[in-house]
Structure formats: C-alpha cells, structure tokens
Amino acid sequence: MGSVVALVVVVVVVVVLAKLIRIVPQGYEWTVEMFGKYTGTLTPGLHFLIPFVYAIGRKMNMMEQVLDVPSQDVITKDNAVVRVDGVVFYQVLDAAKAAYEVANLETAALALIMTNIRTVLGSMDLDESLSQRDAINAKLLGVVDEATHPWGVKVTRIEIKDISPPRDLVDAMARQMKAEREKRANILDAEGFRQAAILKADGEKQSAILEAEGKKEAAFREAEARERLAEAEAKATTMVSQAIAGGDVNALNYFVANNYVEALKEMAKSPNQKTLLLPMEATGILGSLAGIAELAKDSLATQQRAPADGVSGRTPPLPR
C-alpha cells in the first residue's frame with residue numbers, strides 16, 4: 001500500500017514539474033491561457049508557469065512556411081478554360097492573432113488564394129495570362145497580403161507554377177505560332193531577295209558608270225593622240241613644203257617614201273591578207289630611197305660645216 005502511494009506521489013510531482021517548467025524551441029511561440037483566456041505569449045527559452053492555473057494554448061510556428069496551392073480550373077476573360085496551380089510563402093508575425101483571429105490558418109489562406117487566382121485570371125485574356133506571369137504574381141501578392149494582415153500573417157511571395165490550357169487549344173496555338181513563324185520567314189526571304197536585287201542593280205550601275213568613265217577617258221586619250229599626230233603631220237607637211245619651195249626635191253621624195261612604207265606596213269599587218277601583190281615600179285622606191293639618202297648627206301654636211309665655221313672665225317696664228 002505504501003509503494004502505491006509513493007508511486008502516485010511521484011507521478012503527481014512529475015506532472016506538476018512538467019506543467020511548471022516550459023521550454024519553448026527556437027522558431028516557435030506559445031500562447032498562454034489562464035482558465036481558457038489568452039494572457040500572453042512565450043518566446044523561445046525556459047519559462048515557469050503555475051500549474052493548473054496557466055496552460056499552453058497554441059504552439060505557433062514563426063518560421064517562413066510554404067503552402068502548395070492545388071490546381072483548379074479557371075475561365076479567362078475570353079472564355080478559355082485553363083488549369084492553374086501555385087505555391088505560397090508566408091510567415092506568422094503575431095502568434096496571438098494567428099491563433100485566435102482565424103480558426104484554421106492554412107485552410108483560410110488556401111481558400112483566399114484560390115479565390116483571388118480565379119478573380120485575377122478571369123479579368124485577363126488567355127494570351128495575357130500566359131505572358132504576364134509576373135504581373136499576375138504581383139497582383140495576387142498585394143491582394144492576399146492585405147487580406148491576411150488581420151490574421152497576423154505576412155505573405156512574402158506567391159508564384160503561379162503552371163497555367164495549362166486544354167489540349168485542343170494548345171494545338172491551335174501551335175498552329176498559329178507555326179503560321180506566324182512561316183510568315184516571318186517568308187518576309188525575311190523576301191527582304192533578302194529585295195536587298196540582293198538592290199545590291200546587284202547598284203553593282204551593275206557602278207560597273208556601267210565605271211565602264212562609261214573608262215570609255216570617256218579612252219576616247220579623250222585617243223582624240224588627244226590623233227590631235228598630236230595631226231599636229232606632227234601638219235608640221236612635217238609644212239617643213240616639206242618649205243623645203244620644196246627652197247628647191248630641195250629630196251624632201252618631197254622623203255615624204256612620199258615615208259607614207260609609202262607606212263601604207264605597206266598596214267597592208268602587211270592585215271589578218272585577212274595572206275598574199276600581197278605589189279604592182280609597182282622598183283625604180284620609184286629606189287628613187288625615194290635615194291632621196292632619203294641625199295637628205296641624210298645634206299644633214300651631215302650641215303652639221304660638219306657648223307664646227308668648221310667656228311674654227312675659221314678664230315685669229316690665224318702669226319707666221320714665224
């Protein structure tokens with residue numbers, strides 16, 4: 001009998017000590033209730049409570065937590081049905097409000113988030129909902145954070161994980177995208193052909209201009225050469241005329257022989273002439289050549305007389 005009493009006393013002491021000494025782990029806060037009424041909050045560490053008077057109410061997790069949003073069907077503004085899911089990051093800032101302002105925090109947060117997802121996506125077209133993911137996240141975050149503020153909760157981030165249109169709509173979008181890409185490819189090809197044609201036309205234009213400039217320069221050079229040749233021939237004709245007027249017949253023979261030889265040279269260079277007949281008198285050619293020889297002799301005698309005249313102009317030496 002005494003051992004039973006001792007055992008009961010030990011159990012009572014253990015229970016009293018367990019209710020007296022409270023150790024709150026890091027990252028948590030516990031609410032304290034006196035006869036069922038909230039009186040305070042225990043922060044991480046060692047605490048002492050009067051047993052059977054004060055009791056622990058709720059053990060709140062104060063760390064940032066992740067809440068998966070289940071997928072749901074949403075109708076967009078243009079009546080397209082898409083399936084949406086997401087993830088929410090939140091943190092309890094006030095343990096008392098989170099414990100006593102809402103019955104079930106996670107269930108309430110999920111209901112609020114799913115409702116606002118339908119509201120936000122329902123006000124947007126399908127193309128906007130697929131391309132403006134950041135805008136959707138920002139709008140949801142603002143609305144949900146403001147709604148959960150009275151619960152002592154801070155929603156730090158909301159991310160839409162997936163927006164899945166129906167299969168037939170995906171196929172239609174794929175066909176539309178393919179058609180758009182083919183259109184852009186055709187436009188690029190047309191632009192390439194157009195640019196190539198422009199460059200080719202410009203090149204032909206520049207080539208024609210350069211060719212015309214070359215022909216112009218060649219014609220100018222040829223005209224200049226003909227002009228100089230005509231001047232030379234006129235000068236030669238003048239000199240021959242003066243020589244004839246002075247009684248020098250050999251100059252005429254030289255002029256005729258020179259033209260005669262040039263004509264023979266041109267006839268010999270003709271590609272269509274294989275055989276050349278010369279129905280001419282050999283004495284005429286010899287006479288012309290003799291005239292050339294007489295001119296050469298006269299020129300040499302003139303050159304020799306010039307130094308002799310210079311010597312004759314000196315004073316003769318005195319006789320011994």
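UniProt positions are given in the numbering used here, its feature names are shortened, and its annotations may be inferred rather than shown by experiment. The model shown in these views is a predicted one.

**View 1. The span that UniProt lists as a transmembrane region.** In an unreviewed entry, UniProt lists residues 34–56 under "transmembrane region". In the predicted model this span is 0% helix and 61% strand, and the C-alpha atoms at the ends of residues 34–56 lie 9 Å apart. Strand β4, which covers residues 45–48, holds histidine 47, and the loop between β2 (28–34) and β3 (37–42) holds phenylalanine 35.

**View 2. Histidine 47 and its surroundings in strand β4.** Histidine 47 has a relative accessible area of 17%, and it counts as buried because that value is under the 20% cut-off. The side chain of histidine 47 reaches the backbone oxygen of threonine 43 at 2.7 Å. When residues up to four places away in sequence are not counted, histidine 47 touches Leu20, Ile21, Arg22, Val24 and Leu42.

**View 3. Valine 69 in strand β6.** Valine 69, which lies in the strand formed by residues 65–75, is buried, with a relative accessible area of 5%. Once its neighbours within four places in sequence are left aside, valine 69 is in contact with Asp85, Gly86, Val87 and Val88, and also with Leu110, Ile113, Met114 and Ile117. Valine 69 and alanine 111 are 42 residues apart in sequence, and their C-alpha atoms are 9.2 Å apart in space.

**View 4. Two loop residues with positive phi, phenylalanine 35 and asparagine 79.** Most residues other than glycine have a negative phi. Phenylalanine 35, in the loop between β2 and β3, has a phi near 55°, and with a relative accessible area of 66% this residue is exposed. Asparagine 79, found in the loop between β6 and β7 (81–92), has a positive phi of about 65° although it is not a glycine. At 65% relative accessibility, asparagine 79 also counts as exposed, because the value is over 50%.

**View 5. The largest cavity and its lining.** The structure holds one cavity of 30 Å³ or more, and about 40 Å³ of space lies in the largest cavity. Its lining is made up of Val88, Tyr90, Leu105, Ala109, Ile113, Val144, Val153 and Val155, which divide by class into eight nonpolar, no polar and no charged residues. The elements β7, α3 (105–122) and β8 (153–164) each supply at least two residues of this lining, and α3 gives the most, with three residues. Val88 and Ile113, both among the lining residues, are also among the contacts of valine 69 shown in View 3.

**View 6. The second largest pocket and its lining.** The second largest pocket, with a volume of about 200 Å³, is lined by Leu126, Asp127, Leu169, Ala172, Met173, Gln176, Met177, Glu180 and Arg184. Two helices, α4 (126–131) and α6 (167–245), each supply at least two residues of the lining, and α6 gives the most to it, with seven residues. By class, the lining of this pocket has five nonpolar, one polar and three charged residues; Asp127, Glu180 and Arg184 are the charged residues of the lining, and Gln176 is the polar one.

Conventions. Residues are numbered from 1 along each chain as its sequence is written. This is a predicted model: local features need pLDDT of at least 70, side-chain atom pairs count only at pLDDT 80 or more; totals for chains, interfaces and linings use all residues. Side-chain values use heavy atoms; hydrogens and water are left out. On a 1 Å grid over the protein atoms alone, a cavity is a set of points where a 1.4 Å probe fits but cannot get out, and a pocket is an open set with protein on both sides within 12 Å along at least five of seven lines; lining residues have an atom within 4 Å of a point. Grid points are joined across faces, edges and corners, and a volume is the space filled by probe spheres set on the points. Helices (H or I, at least four residues) and strands (E, at least two) are DSSP runs, numbered from the N terminus. Buried means under 20% relative accessible area, exposed over 50%, partly exposed in between (1.4 Å probe, protein chains only). A polar contact is a pair of N or O atoms within 3.5 Å; within protein, one must be able to donate a hydrogen and the other to accept it, and residues adjacent in sequence count only if both atoms are side-chain atoms. Contact means heavy atoms within 4.5 Å.
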